[in-house]
Amino acid sequence: MSYPQPPQHNPYAQGPPPGYPQGAYGVPAQAYYGPAPVPLAPTGQPLAGFGARLGAYLIDAIVFVALSMLVIVPAIIAMIAWIGTQASQLETDPVTGELLGEPDPALFVGPIILGYVAIFAVMFGLSYVYYVELFPSRRGVTLGKRALGLMLIRLDDPSAPITRGVAAKRWLMQYVVAMFVPFFSWIDGLWQLWDKPFQQCLHDKVAQTVVVKVNR
């Protein structure tokens, strides 16, 4: 004698029970049998990963340091030449070679301090030009991002260009704040590892931008 089989019940036919862990797009987490879906930007483009963004950052840093050396090296040479000139004008004993009297410290310390201030001011200006004026606000990418196939897009209007104001917000948060807040660069750069859903750094959040991978 055969007995009727009880009706088969799919517990997820109407969705998982309350409190059950959800995956992407409302699918239960245990329903995945393949790789996790690639996180996407509002435009449908894949978001840039941590490794790609770090590589672009390092390329930009190398380029920026190389450009800065064009200013720093001549400034250091000028400081050394100034100090050497002042030292050569000090009076010394013709027999023993010892200094006659006490040299004025301002003749040596002053130019060094002024030189460091000038170098800092020039590098600050170069940083603004490189990260705001020269590349992002014109093309949406720096040299590092272009080399690794990355691009900035805006969350408020993905089709709109990266304006000077947007680029300036990113620069202020990423570089200016980092000069005054200890360890901020580390926190800012690592924030993308746990940020959801767009894997943004803190400077991305301030400027409302995301970094995506583009076809090369």
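## A walk through the chain

From the N terminus on, the elements of this predicted model run α-α-α-α-β-α-α-α-β. Together they come to seven helices and two strands; helices (H or I, at least four residues) and strands (E, at least two) are DSSP runs, numbered from the N terminus. Residues are numbered from 1 along each chain as its sequence is written. Local features need pLDDT of at least 70 and side-chain atom pairs count only at pLDDT 80 or more, while totals for chains, interfaces and linings use all residues, and side-chain values use heavy atoms, without hydrogens and water.

Here are some values for the chain as a whole.

| Property | Value |
|---|---|
| Buried residues (under 20% relative accessible area, 1.4 Å probe, protein chains only) | 27% of the 216 residues |
| Contacts (heavy atoms within 4.5 Å) with a separation of 6 or more that join residues 24 or more positions apart | 65% |
| Exposed area (Shrake-Rupley method, 1.4 Å probe) | about 14,200 Å² |
| Share of that area from carbon and sulfur atoms | 68% |

Now to the surface. Ten residues is too long a list to memorise, but a nonpolar patch there includes Phe50, Tyr57, Trp186 and Trp194, and its members together have about 1,100 Å² of accessible area. Such a patch joins nonpolar side chains (Val, Leu, Ile, Met, Phe, Trp, Tyr) within 5 Å, from residues with over 30% relative accessible area and no salt bridge (a side-chain nitrogen of Lys or Arg within 4 Å of a carboxyl oxygen of Asp or Glu).

Helix 1 (50-88) and helix 6 (184-190) each give two or more residues to the patch, and helix 1 gives the most, with four. Trp186 lies in helix 6. Is Trp186 buried or exposed? Trp186 is exposed because its relative accessible area is 63%, and exposed means over 50%.

How values were computed. Patch = residues over 30% accessible without salt bridge, like charges linked within 9 Å, V, L, I, M, F, W, Y side chains within 5 Å.
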